[in-house]
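Colleague: I'm new to this one, so could you walk me through it?
Modeller: Sure, let's have it up in front of us and go step by step.

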Amino acid sequence: MLTLRAQSLQNRSVNYDLRQFLQLGMVRFVVSSCRAVLLPRFGGPEVMELRHDVEVPQLQSNEVLVRARAVSINPLDTRMRSGYGRSIFEPLLPIILGRDVSGEVAAIGSSVHSLSIGQEVFGALHPTAVRGTYTDYAVLPEEEVTVKPSSITHVEASAIPFAALTAWRALRSTARIYEGQRLLVVGGGGAVGFAAIQLAVAAGCHVTTTCGSQSVNRILEADAEQAVDYIAEDIELAIKGKFDAVLDTIGVPETERIGINFLKRGGHYMTLQGEAASLTDRYGLAVGLPIATAILLKKQTQYRYSHGIEYWWTYMRADPDGLAEIRRLIEAGKLKIPVEKCFPITQVREAHEAKDKKKILGKVVLEFD
Ligand SMILES: NC(=O)c1ccc[n+]([C@@H]2O[C@H](COP(=O)([O-])OP(=O)(O)OC[C@H]3O[C@@H](n4cnc5c(N)ncnc54)[C@H](OP(=O)(O)O)[C@@H]3O)[C@@H](O)[C@H]2O)c1
């Protein structure tokens, strides 16, 4: 195989085979700048700027350049836009929002072997990535992207990975659920909750959930055993028995109390509303992180002593095995997240405003022409 040194192309000395060299060279020639939604400061939807001259960074050896076709809006995007995570992101402004992406591989780094140019892929960046996916050309590490199932569109694919990987992390890495166990999902109507229900059903678990009335049928069709309307019903009376794990997507004191009381001894309570970011935003990294760690340890110790359960703040993490399993479940027709509305990327402000004002409750996707 012919190998070339790409000193001038990549501004560093790297060996490429001829095919990669040509592919990278062609892409660098065509794509040196692109459109992206920049966040120059924190605030409302109006602070986001769609710019046409944003640099496409040089790929590291483990990275994949994805020509975005669709990106979904996660609650993290609107929260980050408003200043959540400012202790990390403020010194790095302007940043690009967005975690999920579905599109085509436009270029690959020299050590990427699982993907090739032109393949349709989907994936999600980890929560602290500075250059997000609201851009024509997103850059993701190889482990955060995989082949898109051909059975779903880019719009459908973009709705899934960040939410499903969050659910995967909680259920498979933290609680380590297995066949026959009982899982309670508090807030199963949202993207993470609905993904958790489907992952747990696929693992052979018995799933109960709380949700809004509009989500009940969808959740029962996904084979949850019980879906309790949290407005119309008394959750504590409606749900019977104890659970091996509780995933609390709401994470307020009331849902925490209820969730913990439903656990068997040795069970796992996992909230998506860990306080690490809010505390570091409030007190700075140096003080906030130790405070967050102390609060978490105190709660873990208290609940172990009072209820005999394990208490966790759970966060999305990149997980290639999880992403591969998510892809398999989508292909098998066992995992999907409904998309309620699409906006063109040019209307990103309108899309964020609709989420902020809760005009659209379900998943919103931004499409690229
Ligand atoms: N820690 C992490 O790494 C991480 C990762 C992803 C998400 N999150 C957080 O997790 C939360 C959910 O994320 P998401 O992407 O699933 O958001 P989402 O798709 O917007 O879902 C939110 C859902 O919560 C449900 N809900 C609201 N109040 C409820 C209550 N009192 N009881 C039961 N259900 C209630 C609603 O479902 P109905 O339509 O059924 O009413 C709503 O659709 C967000 O706060 C997000 O910031 C954290």
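What follows is a short run of questions and answers about this predicted model.

Colleague: Let's start with the whole chain. Which radius of gyration does the chain have, and why does it agree with a compact globule?
Modeller: The C-alpha trace spans about 65 × 45 × 40 Å along its principal axes. For 369 residues, a compact globule would come out near 21 Å, so the chain agrees with that rule at a radius of gyration of 21 Å.

Colleague: And how many helices and strands does the chain have?
Modeller: Take the stretch from the record before the total: UniProt, in an unreviewed entry, puts "domain: Enoyl reductase (ER)" at residues 43–366. Over residues 43–366 the chain is 35% helix and 27% strand. For the chain, the secondary structure comes to 14 helices and 18 strands.

Colleague: Among contacts between residues at least 6 apart in sequence, what percentage join residues at least 24 apart?
Modeller: Here's one pair to picture: Arg-67 and Glu-120 are 53 residues apart along the chain, yet their C-alpha atoms are separated by 9.3 Å. Counting contacts in the chain between residues at least 6 apart, the share that joins residues at least 24 apart is 65%.

Colleague: Zooming in on Gly-103, is it buried or exposed?
Modeller: Gly-103 sits in strand β7, residues 100–108. Its contacts beyond four places in sequence include Val-66, Arg-67, Val-121 and His-154. It has 27 C-beta neighbours inside 10 Å, and 20 or more is what the label takes, so Gly-103 counts as buried.

Colleague: Arg-67 came up there. Which strand is Arg-67 found in, and is it buried or exposed?
Modeller: Leaving out residues up to four places away in sequence, Arg-67 touches Gly-103, Glu-104, Ala-106, Asp-136 and Tyr-137. There are 21 C-beta neighbours inside 10 Å, so Arg-67 counts as buried. The strand that holds Arg-67 is β5.

Colleague: Now helix α3. Why do its buried residues line one face?
Modeller: The buried residues of α3, which runs over residues 75–82, are Asp-77, Met-80 and Arg-81. Seen down the helix axis they fall within an arc of 100°, so they line one face of the helix. What covers them includes β3, β5, α4 and α14. So the reason for the one face is that arc of 100°.

Colleague: What residue follows α3?
Modeller: Look at the backbone there: the residue has a positive phi, near 120°. That residue is Gly-83.

Colleague: On to the ligand. Which helix gives the largest share of the shell around it?
Modeller: There are 26 residues around the ligand, with Pro-75, Gly-187, Gly-189, Gly-190 and Gly-212 coming nearest. At least two shell residues come from each of α3, α6, α7 and β12. The largest share is 3 residues, and the helix that supplies them is α7.

Colleague: By class, how many charged residues does that shell have?
Modeller: The shell has 14 nonpolar residues and 12 polar ones. For charged residues, the count is none: there are no charged residues.

Colleague: Last one, about β12. How many other C-beta atoms lie within 10 Å of Thr-210?
Modeller: Thr-210 lies in strand β12. Not counting residues up to four places away in sequence, it touches Val-186, Gly-187, Gly-188, Val-228, Tyr-230 and Ile-235; Gly-187 is also one of the residues that come nearest to the ligand. Thr-210 is buried, and the number of other C-beta atoms within 10 Å is 29.

Technical notes
Residues are numbered from 1 along each chain as its sequence is written. This is a predicted model: local features need pLDDT of at least 70, side-chain atom pairs count only at pLDDT 80 or more; totals for chains, interfaces and linings use all residues. A residue is buried if 20 or more other C-beta atoms lie within 10 Å of its own, exposed if 12 or fewer, and partly exposed in between; C-beta atoms are placed from the backbone. Helices (H or I, at least four residues) and strands (E, at least two) are DSSP runs, numbered from the N terminus. The arc is that of the directions from the helix axis to the C-beta atoms. Two residues are in contact if their C-beta atoms, placed from the backbone, lie within 7 Å. A residue is near a molecule or strand if its C-beta atom, placed from the backbone, lies within 6 Å of it. Ala, Val, Leu, Ile, Met, Phe, Trp, Tyr, Cys and Pro count as nonpolar, Asp, Glu, Lys and Arg as charged, and the others, Gly among them, as polar. UniProt positions are given in the numbering used here, feature names are shortened, and annotations may be inferred rather than shown by experiment. The radius of gyration is taken over C-alpha atoms; the globule rule is 2.2 Å times the number of residues to the power 0.38.
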